[in-house]
Structure formats: C-alpha cells, structure tokens
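Colleague: I would like to go through this model with you, one point at a time. Please give the reasoning before the value or name.

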Amino acid sequence: MMKRLIPTFNRILVKKVIQPAKTESGILLPEKSSQLNSGRVVAVGPGSRDKDGKLIPVSVKEGDTVLLPEYGGTQVKLGENEYHLFRDEDVLGTLHED
C-alpha cells in the first residue's frame, strides 16, 4: 500500500482545505458565502528544467497554504485521504495570516 506520493518535475501535491459549514457557536453558513478554493501543500517536486538544463525550483514549499484555480488538477486518493496534483504555474498565490 502506498504511504507517500512524491510529485515529479514542477508538480505539487495539495490537500484541499474544506471550509466549515457552520461557525463554532453553531450558526449555519450559506453555501454561497465567499469561500476560497485553497489547500495545504503536502509535497513538492524538484522543479523543471529550462532550455539550458538549469533547474527551476518550485515556488512553494511543504506546509504553504495556496490559492487554487476553480478547475484543474488531478485528483489522487491515497488510503482514505483525497489529494490533488497541480503544476506549479497553476497555483494562483500563497495565503498568509497577518
């Protein structure tokens, strides 16, 4: 059984963040509320190569929270967990708490 997936080239493995359906006090949130399509980076590939053969590293690292496109990526199921593979250039940005 697979325990870990290491992406190749410039791909990243992301576990999507599921937004809560209700607040901590029990108030139900509407489905149409502004939710970001985000995820936590679980693993990254080494990067891709340019035309001269130089390595171009991936722009994110494990543990980063990233903003993802609404569509795209490849769904991967490992055990009971569901992940998505994206190319580095498909990531829209990183999210930081201030």
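Colleague: Which residue in the turn of the β6 and β7 hairpin has a positive phi?

Modeller: The model is predicted. In it, β6 and β7 form a hairpin with two residues between them. The residue in the turn with a positive phi, about 65 degrees, is Gly79.

Colleague: How many bridges join β6 to β7?

Modeller: The strands β6 (74–78) and β7 (81–87) run antiparallel. Within this pairing, Val76 has Tyr83 as its bridge partner, and Thr74 stands opposite Leu85. The number of bridges joining β6 to β7 is five.

Colleague: Which residue in β7 is the bridge partner of Leu13?

Modeller: β7 also pairs with β1, in the antiparallel sense and over four bridges. β1 covers residues 11–16. The partner of Leu13 in β7 is Leu85.

Colleague: In what order do the six strands of the open sheet lie?

Modeller: The pairing in this sheet is antiparallel. Its edge strands are β6 (74–78) and β8 (93–95), each of which pairs on one side only. Neighbouring strands are turned by 45 degrees against each other on average, with direction ignored. The order is β6-β7-β1-β2-β5-β8.

Colleague: How many strands does the chain have?

Modeller: The chain has zero helices. Along the sequence the pattern reads β-β-β-β-β-β-β-β. The number of strands is eight.

Colleague: Is His84 buried or exposed?

Modeller: His84 has its place in strand β7. Neighbours within four places in sequence aside, His84 is in contact with Ile12, Leu13, Val14, Lys16, Thr74 and Gln75. Its relative accessible area is 10%. Because the cut-off for buried is under 20%, His84 counts as buried.

Colleague: How many residues does the largest nonpolar core have?

Modeller: Its members are Ile12, Val14, Val41, Val58, Val60, Val66, Leu68, Phe86 and Val91. Apart from it lies another core, of six residues, including Ala43, Leu78, Tyr83 and Leu85. The residue count of the largest core is nine.

Colleague: Which glycines are in contact with Phe86, leaving aside neighbours within four places in sequence?

Modeller: Phe86 belongs to the largest nonpolar core. Among its contacts beyond those neighbours are Asn10, Arg11, Ile12, Val14, Leu68 and Pro69. The glycines in contact with Phe86 are Gly72 and Gly73.

Colleague: Which residue forms a salt bridge with Lys61?

Modeller: The structure holds one salt bridge. Lys61 is exposed, at 53% relative accessibility, whereas its partner is buried, with a relative accessible area of 15%. The closest N and O atoms are 3.1 Å apart, and the partner of Lys61 is Asp64.

Colleague: Is Phe9 buried or exposed?

Modeller: Phe9 is found in the segment before β1. Its phi is near 50 degrees, a positive value in a residue other than glycine. Its relative accessible area is 54%. Because exposed means over 50%, Phe9 is exposed.

Colleague: What distance separates the C-alpha atoms of Val17 and Gly39?

Modeller: Val17 is found in the loop between β1 and β2 (38–44), and at 37% relative accessibility Val17 counts as partly exposed. Setting aside neighbours within four places in sequence, Val17 is in contact with Ser38, Gly39 and Arg40. Val17 and Gly39 are 22 residues apart along the chain, and their C-alpha atoms are separated by 4.7 Å.

Colleague: What distance separates the C-alpha atoms of Asp90 and Ile12?

Modeller: Asp90 lies in the loop between β7 and β8. Its relative accessibility is 33%, which counts as partly exposed. Asp90 and Ile12 are 78 residues apart along the chain, and their C-alpha atoms are separated by 9.8 Å.

Colleague: What share of the contacts with a separation of 6 or more comes from residues 24 or more positions apart?

Modeller: This is a value for the chain, like the next two. Buried residues make up 26% of the 98 residues. The chain exposes about 7500 Å², with carbon and sulfur atoms supplying 52% of it. For contacts with a separation of 6 or more, the share from residues 24 or more positions apart is 62%.

Definitions and conventions
Residues numbered from 1 in each chain as written. Predicted model: local features only at pLDDT ≥ 70, side-chain atom pairs only at ≥ 80, totals over all residues. Heavy atoms only, no water. Salt bridge = Lys/Arg side-chain N within 4 Å of Asp/Glu carboxyl O. Buried < 20%, exposed > 50% of the residue type's maximum accessible area, 1.4 Å probe, protein only. Pairing = 2+ DSSP bridges. Axes fitted to C-alpha atoms, helices over the stretch in contact; angles between N-to-C directions. Core = buried A, V, L, I, M, F, W, Y, C linked by side-chain atoms within 4.5 Å. Contact = heavy atoms within 4.5 Å. Areas by Shrake-Rupley, 256 points an atom, 1.4 Å probe, with all protein chains shown as cover.
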